[in-house]
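Q: Could you take a close look at the side-chain pairings here, charged ones to begin with, and walk me through what they connect? I'd like one joined-up tour rather than a list.

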Amino acid sequence: MTLDLERLIAVTFDAARRAGDAIMEIYAGDFAVGLKADASPVTLADQRAETIILAALAEAAPAIPVIAEEHCEAHGVPSAAAELFWLVDPLDGTREFVNRNGEFTVNIALIRRGEPVLGMVHVPALGVTYAGAGPGSARRWRGAGAAEKIAARLPPPDGLVVVHSRSHENNEKFAAYLVGKNIAERRVCGSSVKFCQVAAGEADLYPRFGPTMEWDTAAGHAVLIAAGGSMTTLDGAAFRYGKEGCRNPGFIATGLSPLPHAGRGLG
């Protein structure tokens, strides 16, 4: 299938923004919080956003199947992924949404033969959107402004800015990985915003040792690649999608200068 990635960028941009508007309508009021089978939270915002995105993707690209978080919760994860498919997390960082700290995103990614070839990450609370579809194509929109190019940076001489989730603040493997590295700042942040900070040259390193799902990482991964960064498994292998159960291993995401993978020095 020949892909018109610029057209799909436009489609996913519109879908992510409209999903974000629906999320913010619910965010502004009182909302109920349910629990999924894995005890993670879910709200009406997750469900409404996914409905908007699935309808947009079905209209624009009906031949491309979609793996979406809330649909998988209701109907199960597909036993196998297609060669070309969408990965959707309509509200990445539901805990951040519930805690009202603004650190949640809308994630839409297109996967081809296991690799993320398009990513759209929208941060509704900030009105900021990031996208990428191949090397050199990373861009960011702030509010109603025009797209601006973004790029990952070389590590600054005064040390690395490391972004990580709140769950990693006391993680032993995470602490061991940082030993011997010149760290200027550790920044706690939720959802795919971490990938976008590295892609925009605002941070340098995002190590992850805890579990994630493919829809959590694919869109941010695509934006990072487009900005010149990279992401590997903890042992330095290529990070792929379409895995059984859509479950991810740990990973290391970096800016322009890849760092030693986590398998070194951890025993």
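**Charges first, then rings**

A: Let's start with Glu115 and Arg240, whose side chains meet in a salt bridge with N and O 3.2 Å apart. The two partners come from distant parts of the chain: Glu115 belongs to strand β6 (residues 115-123), while Arg240 sits in the loop between β14 and β15 (247-248), 125 residues away. Keep in mind that this is a predicted model. How buried or exposed is Glu115? Its relative accessibility is 44%, so it counts as partly exposed. Arg240 has a relative accessible area of 37%, so it is partly exposed as well.

Across the whole structure, a search turns up 10 salt bridges. Another of them brings the side chains of Glu6 and Arg139 together, at 3.0 Å from N to O. Glu6 is in helix α1 and Arg139 in strand β8 (residues 139-142), so this contact ties together parts 133 residues apart in sequence. The burial of the two ends is worth a look. Glu6, at 47% relative accessibility, is partly exposed. Arg139, with a relative accessible area of 14%, is buried, because it falls under the 20% cut-off.

Strand β8 turns up again with Arg140, which forms a salt bridge with Glu202, their closest N and O atoms 3.1 Å apart. Here Glu202 is in the loop between α6 and β12, and the two residues are 62 apart along the chain. Glu202 is partly exposed at 32% relative accessible area, whereas Arg140 is buried at 6%. That contact doesn't stand alone: salt bridges with shared partners join Arg140, Arg142, Glu148 and Glu202 into one network.

Now for a charged residue with a backbone partner. Glu50, in helix α2 (residues 44-60), is buried, with a relative accessibility of 5%. Where does its side chain go? It reaches the backbone nitrogen of His71, at 2.7 Å. Skipping neighbours within four places in sequence, Glu50 is in contact with Ala68, Glu69, Glu70, His71 and Pro90. As for Leu87, its C-alpha is 11 Å from that of Glu50, with their positions 37 residues apart in sequence.

On to the rings, where charge comes in too. The charged end of Lys243 sits over the ring of Tyr241, 5.1 Å from the ring centre. Elsewhere, Arg100 has its charged end over the ring of Tyr27, at 5.6 Å from the centre.

Rings also pair up with one another, and the structure holds 11 aromatic pairs. One of these is Phe31 with Phe97, a tilted pair with centres 4.7 Å apart and 35° between the planes. Phe31 lies in the loop between α1 (5-27) and β1 (34-35) and Phe97 in helix α4 (residues 94-99), so the pair ties together parts 66 residues apart in sequence. Phe31 and Phe97 are buried.

Compare the geometry of Phe195 and Phe251: their ring centres are 5.7 Å apart and the planes sit at 20°, so this pair is stacked. Phe195 is in helix α6 (residues 193-199) and Phe251 in strand β16 (residues 251-254), which puts the two ends 56 residues apart. Phe195 and Phe251 are both buried. They're also part of a wider arrangement, a cluster in which ring pairs link Phe195, Tyr206, Phe239, Tyr241 and Phe251. Tyr241, you'll recall, is the ring with the charged end of Lys243 over it.

What surrounds β16, the strand that carries Phe251? Its two faces are covered: Phe251 and Ala253 are buried on one side, Ile252 and Thr254 on the other. The strand also has pairing partners. β12 (residues 205-208) runs antiparallel to β16 and is joined to it by four bridges. Tyr206, one of the cluster residues, stands opposite Ala253 of β16. Strand β14 (residues 230-233) is likewise antiparallel to β16, with four bridges between them; there, Ser230 has Thr254 as its bridge partner in β16.

So back to the opening pair: Arg240 follows β14 in the loop that leads on to β15, and β14 is itself bridged to β16.

Definitions and conventions. Residues numbered from 1 in each chain as written. Predicted model: local features only at pLDDT ≥ 70, side-chain atom pairs only at ≥ 80, totals over all residues. Heavy atoms only, no water. Phe/Tyr/Trp six-rings, centres within 6.5 Å; stacked < 30°, edge-to-face > 60°. Buried < 20%, exposed > 50% of the residue type's maximum accessible area, 1.4 Å probe, protein only. Lys NZ or Arg CZ within 6 Å of the ring centre and 35° of its normal. Pairing = 2+ DSSP bridges. Contact = heavy atoms within 4.5 Å. Polar contact = N/O pair within 3.5 Å; in protein donor to acceptor, adjacent residues only side chain to side chain. Salt bridge = Lys/Arg side-chain N within 4 Å of Asp/Glu carboxyl O.
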